[in-house]
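Student: I would like to go through this model one question at a time. Please give the reasoning before each result.

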Amino acid sequence: MAKLPNETLRVKCPGCGAELAWRRDNPNRPFCSERCKAEDFVAWANEEQVIGGSPDYDDVLSNDLLQS
Ligand SMILES: [Zn+2]
């Protein structure tokens, strides 16, 4: 059966926890907004400088993709 075009994966914004639709045309995914994206990137970049990476972040994205 073909998927309906309006069948959309729902994800939670890592920044504020708000639920949003995972859309390929959303430049801010998986964040709800450009603001959350920017804030998380700053935190992520700061953390990377300390521990040299953030594997948890990659795991979350991979799981989301597998479930779609
Ligand atoms: Zn958000």
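**Hairpin, loops and confidence**

Tutor: This is a predicted model. In the hairpin formed by β1 and β2, six residues lie between the strands, and G17 adopts a positive phi near 85°.

Student: Where is G17 placed, in a strand or in a loop?

Tutor: Most residues other than glycine have a negative phi. G17 has a positive phi near 85°. Its place is in the loop between β1 and β2.

Student: Is G17 buried or exposed?

Tutor: A residue is exposed if 12 or fewer other C-beta atoms lie within 10 Å of its own. For G17 the count is 9, so G17 is exposed.

Student: What distance separates the C-alpha atoms of G17 and C32?

Tutor: Along the chain, G17 and C32 are 15 residues apart. In space, their C-alpha atoms are separated by 8.7 Å.

Student: How many bridges join β1 to β2?

Tutor: Strand β1 covers residues 9–12 and strand β2 covers residues 19–22. The two run antiparallel, and R10 stands opposite A21 in β2. The number of bridges joining them is four.

Student: Which residues does the cis peptide bond join?

Tutor: Most peptide bonds are trans. Here one bond has omega of about 5° and is cis. P30, one of its two residues, is found in the loop between β2 and α1 (34–51). The bond joins R29 and P30.

Student: In what order do the elements of the protein chain run?

Tutor: The protein chain has two helices and two strands. From the N terminus on, the order is β-β-α-α.

Student: What percentage of the residues of the protein chain count as buried?

Tutor: Being buried requires 20 or more other C-beta atoms within 10 Å. The protein chain has 68 residues, and the share that count as buried is 7%.

Student: Which element of the protein chain has the lowest mean pLDDT?

Tutor: The mean pLDDT of the protein chain is 77, and 63% of its residues reach 70 or more. Among the elements, β2 has the highest mean, 90. The lowest mean, 64, belongs to residues 55–67, helix α2.

Notes. Residues are numbered from 1 along each chain as its sequence is written. This is a predicted model: local features need pLDDT of at least 70, side-chain atom pairs count only at pLDDT 80 or more; totals for chains, interfaces and linings use all residues. Two strands pair if DSSP finds at least two bridges between them. pLDDT is the predictor's confidence in each residue, from 0 to 100.
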